[in-house]
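Here is a friendly briefing to read alongside the structure. Please keep the sequence at hand as you go through the points below.

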Amino acid sequence: MRRINRSLIISLLAALALTSVPAMAQGRALLIDGSTSIFPLMNQLAAAYHKSTHAPTPKVGQGTSGVGISDVNSGRADIGDVSRDPIVGVDPHGLVFTKIARDGVCVITNPANPLGNLNQQTVQQIFTGQVRNWSEVPGASVTGPIDLFQRVASSGTQDAFQNIFLGESLKISPSASAEESNGTMRQAIIGDKNAIGFASFAFTPGTNAVSYQGIPCTLRNAKSGQYQGVRNFWMVTKGRPKGAAAKFISWVIKPHNKTVEKIVGSEWIPIY
Amino acid sequence: MAGAPPRLGSAPPTAFSPAPSPGVRGQKKRGQDSISSWPLADRVGYLLCWAAGLLLCALAAAIVLVMLVKGISYLRPGLLLEHPSASQSQSGSGGFLDPIEGTLLLTAIGIALAAPIGVAVAVWLSEYRRPAALARAVESGIEMIAGAPSVVLAFFGLLIFARPALAFLSQTSAGGAVYGRSFFAAGAMMSLLALPLVVGATREGLAQIPAHMREASYALGKTRATTIRRVLLPSIRPSIASGTTLGMGRIIGDTAIVVILLGASLHLEGAGGLAGLSTLRGTGSTLTSYVFENSPAGEGNAPEKAYAAAFVLLMMVLALNMVVTRLSSGKPRWMAGLTGPMLWRWMPWTR
Amino acid sequence: MRRIPSAEGRAELALGAVAVAVLGFVVAMLVTVFVKAWPSFSHNGYIKWFFPGGDVDQQIKAIVNSPPDPAHYVYRLRAWPLLWDTLLTTGIAVVLGLVLSLLSAIFIVEFAPAAMRRILEPVVRLLAAVPSVIFGLIGILLVVPWINQHLISQGRKLSVSYVVQLNGAGLLVASLILMVMILPIMVAITVNALSAVPSSWTEGSAALGVNRWRTMWRVSVRTARPAIIAGAVLATARALGEAIMLALVGGSRTFPVNLLDGRTALFEPVRPLAATIITYKDNLTVVPLSQTLYAMAAVVLVSTAALSLAAWSVKQPLKRYGIRT
């Protein structure tokens with residue numbers, strides 16, 4: 001009995017060792033974390049990077065832009081995805097931001113409430129809580145109280161919405177529900193007829209994207225510059241990018257990189 | 001059991017075996033009083049009891065029916081065999097093969113750690129118990145683990161596995177920080193969930209071995225260690241199996257540890273290096289975290305996938321439960337699987 | 001001292017070492033959680049951490065946005081809304097569950113026909129086995145929309161829309177589903193206790209002409225009271241630790257339910273302690289937030305440990321009657 005057990009163990013170890021030889025050729029994968037808006041883009045870029053250069057696929061996580069910054073700063077991630085511009089005094093020193101794309105932010109409502117257009121004043125009144133009922137909003141197809149949705153504090157999209165639509169002084173009403181990510185924001189809007197919120201353009205299918213100041217929130221208008229609500233996507237490193245991170249970032253921002261152009265152009269705005 | 005306080009009267013009838021004495025426990029005999037002769041308050045109480053019992057059945061039936069209907073309508077065999085699609089939104093094609101693999105792998109790791117340690121601790125508590133104060137402390141410790149919520153265990157796991165000394169159990173980033181989330185980490189914390197159940201079931205089994213078996217073994221000149229190994233443990237194999245299966249059920253059903261300690265990647269992503277070790281050091285997902293992420297609380301925006309995965313999860317758990325019932329059949333106590341290990345904690349004199 | 005044969009001694013030492021290692025692990029866990037939680041308590045003046053004082057969501061927002069310099073970390077938290085929500089959901093779930101479990105247990109032990117008794121054991125076992133994420137899924141996908149459409153009127157929503165949004169997920173759903181989750185524990189312990197009451201006592205009561213219900217209520221339930229209470233305490237500990245299901249159906253805001261709102265209070269969102277930990281798990285890399293979450297975990301750990309101890313001591317009287325449950 002003992003001899004059988006011992007030989008079993010030895011053969012198991014041998015099998016493990018044999019199968020591991022090809023796997024040992026792999027190096028260490030990059031760890032990327034950050035914005036939920038950039039998450040779908042970064043996933044595609046990582047897969048394409050692995051396909052074209054055979055480097056190990058970078059691992060992409062998400063947890064909002066603020067988490068991306070603190071992860072990179074503490075060394076827990078190699079690259080951080082940040083969907084807002086750097087804020088002096090709040091962001092740690094020594095971080096280097098590299099722009100990789102631009103993105104549109106749309107105000108979204110439930111498909112049962114196909115609001116055609118909102119001007120800046122109405123958007124501000126709705127989101128600061130001055131206007132509380134859909135009956136006061138021209139063009140609304142539902143009645144009843146307005147259900148406001150915003151994002152959590154560390155979200156880059158939240159920061160972008162604040163800067164683009166509300167400006168410096170106005171604050172979103174505290175009764176608004178805070179959603180963790182673009183995905184949960186979209187879920188919330190789809191699930192509630194009286195809902196209104198905002199999301200990155202890539203997350204608007206399934207909801208009604210509301211025109212802003214008369215310009216529809218579409219990819220074409222964002223690319224042409226007509227639609228005002230556009231913000232930057234950054235890849236952030238601690239200090240200048242080095243090693244595997246530098247290779248990945250330079251692959252992404254290389255001009256005339258057809259693979260990257262195709263991916264970015266599908267739902268975002270290329271920087272070239 | 002040696003040392004149990006003397007009982008008043010005869011052995012109590014159990015809830016599931018008909019009472020030997022007529023008239024008191026639900027048997028209709030001649031001379032039995034009928035409900036209509038009772039005062040109003042008592043009749044109301046009687047009706048409320050019936051209502052409560054039926055409500056319980058209705059709740060269970062509702063849960064099973066809902067999951068059955070929704071699960072069967074959304075589940076197709078292909079889902080069990082396809083990898084999840086790589087995108088955020090799971091509502092398109094793609095199944096949940098990786099979450100199923102994750103569940104099985106995590107359960108295997110958890111039980112592989114919990115079973116030997118649990119049996120060892122139970123044997124020590126039952127057979128040796130020296131010094132007595134230490135034994136009581138260990139019992140309290142097991143009790144504390146049993147009562148600790150899985151969120152707290154998951155948090156503690158984050159602390160442990162983010163230490164540089166344990167970096168080999170997960171990945172490290174280029175900056176040197178330890179990721180701390182992997183199958184190893186989640187599996188180790190899962191084993192804590194199953195540990196009290198294994199310990200309780202094993203102790204109960206050991207306590208039910210009649211004294212004459214041990215005495216016969218010692219009379220033949222065997223040492224205590226040999227007695228344990230050759231006589232006691234083999235005879236309580238059903239108890240150990242029952243405890244292990246209960247532990248597996250608990251591990252399969254847990255979400256908090258997976259969500260915090262497994263890295264939340266849809267696919268099983270290895271960490272580079274040896275093939276087997278790479279998966280263990282890498283991240284992944286399980287059925288529970290898959291359901292969580294695809295529900296409105298998470299990202300996936302695919303409630304139909306969530307239902308299908310939840311259905312598979314429920315079937316796994318129910319199958320394990322039936323195994324436990326089979327293994328512990330013949331135990332006189334009601335709901336022996338559920339209450340045995342738990343009551344053990346509260347009633348140490350029942351050992 | 002008697003010399004132990006060496007092989008025997010080795011076995012005892014080895015097994016003892018494993019047991020002590022487990023104990024050491026538990027102690028290390030307790031100590032580490034408290035050490036990690038300490039900054040959050042100390043920066044908030046220890047006691048004031050538990051007081052009310054503003055919107056918890058905003059306070060956590062400020063913590064997450066702390067500047068990276070350790071000297072300027074923001075820690076301010078007044079966690080009373082979380083504690084209040086926890087108390088409410090757990091309290092309602094345990095009280096309702098106690099009533100329902102007692103009645104069901106009496107039914108199982110006394111009044112159920114044999115066929116129903118055989119069905120009820122798998123039923124209770126099934127309720128005990130269903131994972132919490134499935135309870136949460138059914139809750140959020142079926143129960144919450146139903147409540148939103150049928151139980152909450154527009155007028156009710158308007159009445160509180162200045163302060164909070166109602167969308168079905170809230171106190172009512174959370175407490176009810178929590179009650180269903182802790183029911184099996186209480187039912188199982190109560191049934192065992194009731195069946196273990198010595199039959200001579202119940203037979204004596206019947207011989208005096210007392211009907212079955214009254215016998216059960218006055219004799220068996222009274223005797224088994226310590227076990228019933230211990231079951232309730234055990235169920236409370238379980239309810240305190242429930243995070244996933246409450247994160248799914250509790251609602252998306254940390255809001256202290258205002259009982260003065262009357263029936264509307266049933267629909268206000270709740271976010272108990274354990275659910276808050278799960279909600280903010282993605283932001284753990286922010287140091288002050290992780291310390292705040294450890295503080296919440298420490299509070300949960302202390303309460304469950306205290307409840308475990310209380311249940312143990314409550315069950316001591318049963319020894320007196322030789323009741324083996």
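Helix α5(C) has a kink of about 40°, and the bend is centred on C:Gly139. Please bear in mind that this is a predicted model. The points below begin with that helix, move on to chain C as a whole and its contact with chain B, and end with chain A.

**The kinked helix of chain C**

- Helix α5 of chain C covers residues 132-150, and its 19 residues should span 27 Å at 1.5 Å a residue; the end C-alpha atoms are 25 Å apart, which agrees with that expectation.
- C:Gly139, the centre of the kink, is itself one of the buried residues of α5(C).
- The buried residues of the helix include C:Ser132, C:Val133, C:Ile134, C:Phe135, C:Gly136, C:Leu137 and C:Ile138.
- Also buried in α5(C) are C:Ile140, C:Leu141, C:Val144 and C:Ile147.
- What do these buried residues pack against? Within chain C, their partners are α7 (171-195) and α11 (244-249).
- From chain B, the partners of the buried residues of α5(C) are α1 (40-74), α12 (287-294) and α13 (303-327).

**Chain C as a whole**

- Chain C contains 13 helices and zero strands.
- Its C-alpha atoms fill a box of roughly 75 × 75 × 30 Å, taken along the principal axes.
- Chain C has 325 residues, and 59% of them are buried.
- Counting contacts in chain C with a separation of 6 or more, 81% join residues 24 or more positions apart.

**Chain B and its contact with chain C**

- Chain B has 14 helices and zero strands.
- Buried residues account for 52% of the 351 residues of chain B.
- In chain B, residues 24 or more positions apart make up 69% of the contacts with a separation of 6 or more.
- How many residues does each chain bring to the contact between chains C and B? Chain C contributes 94 residues and chain B contributes 90 residues.
- Helix α1 (residues 6-43) of chain C provides the largest share of the chain C side, with 15 residues.
- By residue type, the side of chain C that touches chain B consists of 66 nonpolar, 15 polar and 13 charged residues.

**Chain A and its contact with chain C**

- The contact between chains A and C involves 22 residues from chain A and 23 residues from chain C.
- On the chain A side, α3 (65-74) and β7 (177-179) each supply at least two residues.
- The largest share of that side comes from α3(A), which gives six residues.
- The residues of chain A that touch chain C divide into seven nonpolar, nine polar and six charged.

**The two domains of chain A**

- Domain 1 of chain A is made of residues 29-103 + 231-267, while domain 2 is made of residues 104-230.
- The C-alpha centres of these two domains lie 26 Å apart.
- Where they meet, 16 residues of domain 1 are in contact with 18 residues of domain 2.
- The elements giving two or more residues to the domain 1 side are α3 and β4 (95-109) of chain A.
- Which element gives the most to the domain 1 side? Helix α3(A) does, with three residues.
- Helix α3(A) thus appears in two settings: the side of chain A that touches chain C and the side of domain 1 that touches domain 2.
- The domain 1 side that touches domain 2 has three nonpolar, eight polar and five charged residues.

Conventions:
Residues are numbered from 1 along each chain as its sequence is written. Chains are lettered from A and ligands numbered from 1 in the order in which they are written. This is a predicted model: local features need pLDDT of at least 70, side-chain atom pairs count only at pLDDT 80 or more; totals for chains, interfaces and linings use all residues. Two residues are in contact if their C-beta atoms, placed from the backbone, lie within 7 Å. Helices (H or I, at least four residues) and strands (E, at least two) are DSSP runs, numbered from the N terminus. Ala, Val, Leu, Ile, Met, Phe, Trp, Tyr, Cys and Pro count as nonpolar, Asp, Glu, Lys and Arg as charged, and the others, Gly among them, as polar. A residue is buried if 20 or more other C-beta atoms lie within 10 Å of its own, exposed if 12 or fewer, and partly exposed in between; C-beta atoms are placed from the backbone. The expected span of a helix is 1.5 Å times one less than its number of residues. The bend at a residue is the angle between axes fitted to the seven residues ending there and the seven starting there. Domain bounds come from an automatic or database domain assignment.
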